[in-house]
Amino acid sequence: MELFFRLRWVVLALALAACATGKDAASAADFYWTGHGYLSPGASGEPEIIGTFATEAECREAVDYWMSRQVVGNPVSGECLPTDRR
């Protein structure tokens, strides 16, 4: 009977530990994607914020569109970075 009581406390402690660490891992739903546009060939200087998007694909599409709308001959670049929303 004493073994049952000790086992109960071990199971309870493990269950509490699992609950305490369950939210530490970030999931894809915890992030937005922010598009950054640079009026230079590389990522240097202050970026122009293109927007914040739910998926990386939407972000990349917006960055490509932004780059296509810039002045011809002006070297531009863009990137999508995850933004933590927790």
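In the predicted model, strand S1 (residues 31-38) pairs with S3 in the antiparallel sense over eight bridges. Strands here are DSSP runs (E, at least two residues), numbered from the N terminus, and two strands count as paired if DSSP finds at least two bridges between them. Within this pairing, Thr 34 lies opposite Leu 81 of S3, and Gly 35 faces Cys 80 of S3. Residues are numbered from 1 along each chain as its sequence is written. Because the model is predicted, local features need pLDDT of at least 70, side-chain atom pairs count only at pLDDT 80 or more, and totals for chains, interfaces and linings use all residues.

S1 is also joined to S2, by five bridges, and these two strands run antiparallel. One of the bridge partners is Ile 49 in S2, which pairs with His 36. S1 is mostly covered, with six of its eight residues buried (under 20% relative accessible area, with a 1.4 Å probe and protein chains only).

The three strands thus described form an open antiparallel sheet in the order S2-S1-S3. Strand S2 (48-53) and strand S3 (77-84) stand at the edges; each has a single partner strand, so one side of each is left without a neighbour in the sheet. On average, neighbouring strands of this sheet are turned by 25° against each other, direction ignored, where the axes are lines fitted to C-alpha atoms and angles run from 0 to 180 degrees between N-to-C directions.

Methods: Side-chain values use heavy atoms; hydrogens and water are left out. Helices (H or I, at least four residues) and strands (E, at least two) are DSSP runs, numbered from the N terminus. Buried means under 20% relative accessible area, exposed over 50%, partly exposed in between (1.4 Å probe, protein chains only).
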